[in-house]
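Open the structure in your viewer and keep the selection panel at hand. The tour below goes stop by stop.

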Amino acid sequence: MTRECAVLLPGVCAALADPRQPGLDDTCLEKLLDWFRSLTWFDPTVELLQDNPCLTELITSVLALPDPSPSILSFTLQLGGILASSESRFQHLQQEKLLGRLFGREGPRGGAAWEDASVRSAWVKGVHSMVHHQPALHYLCSTGGMDVIFALQGDPSLFVASAASQLLVHMLTFSLESETSKALSAKDCDWPACAQMIVKHIEESLQSSSASHIEQSLKLLSSLFGSCFGNCYAAWTEVLWLAIAKQIKSFLLEETVQAQPVLANLLLNVARSPVFCGTEGSFWALVTSALEHLTPVQAGPLAVGLLKLCKCPQDVRIQALTVLLQPMDCILRAASQPLEYAGLLDESVSDPVTVESLLSSKTSCAGLLCQTLAHLEKLLSLKHLRVDLPCVSLLRSLMTILQFCNGFLSPTSPLGSSISRNLINCFRVQKSALDVLAVLSEKKDCDTLLGSLFDVLLAYLQSPNTSPTVLKKTFQATSKWLVHLQELSCSNSQQQQTEKILEDVFLVLQKRLCSPCWEVRDSSLEFLTAMIKCLRDQKEFRQCLLSSEVLRLTENLLEDPESYVRASAVTAVGHLAFITCFAPEPPVIGNQCNKENTVAKLQEILSTDSEGFPRRAVISIFTTWLREGCTAQLEDTEQFVSRVIQTVEHDLDWEVRLGGLELVEVFCSQTICQLSQCPYAPVSSAVTSSTPQNELLQAFCRAKLFGFLFRSLCDCDKPVGQRACDVLIGLRGHFYPMSTLENPQETEDSPAGRGIAWLQGTLRQGSLAQNFPTDGGDGLDFQDPESMMLALGAVDLLELHDELNKSSDHVEESPQSLLQDILATVGIIEDNEVDCY
């Protein structure tokens, strides 16, 4: 603790203990607790309390108040726990007879203040902070504290109940730390005293007739096995599991127990423990039983969790996959009678009637399918799945679901008719199915269904009933499958199919680009951009694009009334230019793009559009063009960059200015590579007058980079200043690879010395120097190579970098400032600037 803080602390403690003072903001109290946590973390000695007796006086005074405010009492309980976190300070508080008044029977847990949930929560947090040594555990066990924590597990406040459960997990784990070296088995174990109390409480609760007590203990067990306990204490984990396994099994078989979701989570957390990595044993039999007896909705999370485990036995893994596929199998079987295609499953884990009844019900159908589809999307996204998914049947099932949802399938079976009625226009299921469909495009063996699949996708793209959000998902899935289709286009028949599909897609796209709904226009442009990124090198795609009206319609949308659409149109036009302006082969006659017109349109948007989104899109496109080497085909790159940054530096949107700095960074990197014999090679200070170095400086000065970069250092938005500083440090690293100027006196004596001194002084003001002169100050010429070379060497960019990277509140939120604010708030310090953060 600094001397300044030690001087202020007694006044703060006195103010907190004074009931006449107005209550402090909870945020201030939390910040104060955070400060004490950091103090005690680095210093476990008792000196903090001995050197600052005002802390124990504060606790004594607050506990002596007949009716303390809940916020101050809560603060005091948490402070007491933080101070008691080391054994020496714990003993000191015990000698002062404060521990019992904080956490013992004579404390607030027996009074009226206990009715306030914030006080109960603070008591739990205080105890949690305190339990980092054995005397604290012994104290709680011997003073009835454990019974209080057990009772708080069922607290009406979910925050208190959760905190109590976390505390018990911590206590059990901590109490075993000294026992880790003992060899244990199920027959020979001796729980430490605190752990024994917790385990006994769990066992008794599981055998009680109270459903709430059973659920609380199952949740506690689930948290326990899900924490480091299950991984770090293998022997104890086995002992605990053997003590409860029989009871868990009985819960699975009893339909009266309402804690099945918690049971599924518990079994999954136990399965993650290294204790059960073998394929033998009763545990996996119990997991199999759970997959059979839990409802499909309850078993789903357990099944997907098991499939992600590398050590799960293969037979259990197959059974878990069967649980997930059962609803999809039911969909296929319901779609046609007699069954036209083979289903997904040879046999089911649980009774198929259960799944059928859930899918037949309006209230449960969508929920079950959305959960199943979400799980399947997770599995399909895994790089290594240790079980084979029947992708072809799964794809057919997805197509069936989508046809049910848009009414394009009229099944003859009663079950199919029921499901169809439940799913018609169900947006939730449509979106989930399309997500899985998109991921499935990366799998093999689905090629035989491509024609039917695109029929379904095109039906969604064409239908006026498709909602904007579902349409967006359909576009995303379509672009993924178009890429897959293009990879297969080798045979003539396949090429004809590809061309037909692309023609149909562009016809739909033309219609959607003219939609009255701006979300649809926006999604259409995003889809077009995604296709260009992936397919611009494919001949069939370019032909279909150039023979459609898409080019004209996209350019028209640069003037759309909605700014999001204008931004998407900018991005689409920018990527279209790779085909129409920058392609090695000129496009078909009549579709050639005027490069200058395209650049002029985008530059006009950058300088005149009233919204930030389109302007950000323009600067992003310009950077993309520069990165891919297209600007040389437009005009002289230096002039292009210069014109852009002169527009950007006056933009009111800081993200546009930041985009300008990214453009400059790319330009610098490319220019250095072009003019240096070896890209990225450092150049010694002895050859700074060499031709490549001069050419570089002259190129950067002609593009007017340095004025933009140095002015950006004083930008009122910190990310802009930070990025500019990074770019300048990179440039200095190229021109001065070893150090700064060898003789700083040279700078002072040079003609540009006064200008550089002015520059350093201006930069020290930071964002206060926002009226940075356009053409430099005191004669500093930002377009003079020699002056800029000297400036790069003389300005302390590293110090500036540290300043820019400091948090803006590094002064205002210091402990000293916090204490001053508290004193100012209660009126003890006058004429003090209070930080209103």
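Each stop names what to select and then says what is there.

**The whole chain**

Start with everything shown as cartoon. This is a predicted model. Colour by secondary structure: the protein has 44 helices and zero strands. Now switch to a surface. About 38200 Å² is accessible, and carbon and sulfur atoms hold 50% of that area. Of the 837 residues, 53% are buried. Turn to contacts with a separation of 6 or more: 70% of them join residues 24 or more positions apart.

**The nonpolar core**

Select W241 and L306. Which residues touch the most other members of the largest nonpolar core? These two do, in a core of 273 residues. Next, colour helix α19, residues 314-335. Helix α19 gives the most to this core, with eleven residues. As a general background, nonpolar side chains in soluble globular proteins tend to be buried together.

Stay on L306 and show its surroundings. Beyond its neighbours within four places in sequence, L306 is in contact with L268, A271, W284 and V287. The list goes on with L291, C312, V316 and A320.

**Two buried serines**

Go to S157. This serine sits in the loop between α10 (145-152) and α11 (158-175). Is S157 buried or exposed? Its relative accessibility is 15%, so it counts as buried, the cut-off being under 20%. Show the contacts of S157, leaving aside its neighbours within four places in sequence: they are A117 and R120.

Move on to S393, in helix α22 (residues 391-406). S393 is also buried, at a relative accessible area of 15%. Draw a distance from its C-alpha atom to that of C446. The two are separated by 9.0 Å, although they are 53 residues apart along the chain.

**Cysteines**

Select the cysteines. How many disulfides does the structure hold? The count is zero. Zoom in on C426 as an example. The nearest cysteine sulfur belongs to C405 and is 5.8 Å away. That distance is not within 2.5 Å, so C426 is in no disulfide. C426 is buried, at 14% relative accessibility. Compare C514, which is partly exposed with a relative accessible area of 49%.

**A surface patch**

Bring the surface back and select W518, Y564 and F613. Together they form a nonpolar patch with about 270 Å² of accessible area. Click on F613. This residue belongs to helix α33 (residues 612-627). F613 has a relative accessible area of 33%, which makes it partly exposed.

**Salt bridges**

The structure holds 22 salt bridges. Three of them are visited here, followed by a network.

Select R521 and D560. Their closest N and O atoms are 2.8 Å apart, and the two form a salt bridge. R521 lies in helix α28 (residues 518-535), while D560 lies in the loop between α30 (550-556) and α31 (563-580). The pair links distant parts of the chain, 39 residues apart. Are these residues buried or exposed? R521 is buried, with a relative accessible area of 10%. D560 is buried too, at 5% relative accessibility.

Now select R536 and E628. This salt bridge has its closest N and O atoms 3.0 Å apart. R536 is in the loop between α28 and α29 (539-546), and E628 is in the loop between α33 and α34 (631-634). The partners are 92 residues apart. R536 is partly exposed, at 22% relative accessibility. E628 is partly exposed as well, with a relative accessible area of 44%.

Next come E638 and R702. They form a salt bridge, with the closest N and O atoms 2.7 Å apart. E638 lies in helix α35 (residues 637-648) and R702 in helix α37 (residues 691-702), so the pair ties together parts 64 residues apart in sequence. E638 is buried, with a relative accessible area of 17%. R702 is partly exposed, at 47% relative accessibility.

Finish by selecting R616, D653 and E655. Salt bridges with shared partners join these residues into one network.

Terms used. Residues numbered from 1 in each chain as written. Predicted model: local features only at pLDDT ≥ 70, side-chain atom pairs only at ≥ 80, totals over all residues. Heavy atoms only, no water. Helix = DSSP H or I, 4+ residues; strand = E, 2+ residues; numbered from the N terminus. Buried < 20%, exposed > 50% of the residue type's maximum accessible area, 1.4 Å probe, protein only. Core = buried A, V, L, I, M, F, W, Y, C linked by side-chain atoms within 4.5 Å. Contact = heavy atoms within 4.5 Å. Patch = residues over 30% accessible without salt bridge, like charges linked within 9 Å, V, L, I, M, F, W, Y side chains within 5 Å. Areas by Shrake-Rupley, 256 points an atom, 1.4 Å probe, with all protein chains shown as cover. Salt bridge = Lys/Arg side-chain N within 4 Å of Asp/Glu carboxyl O.
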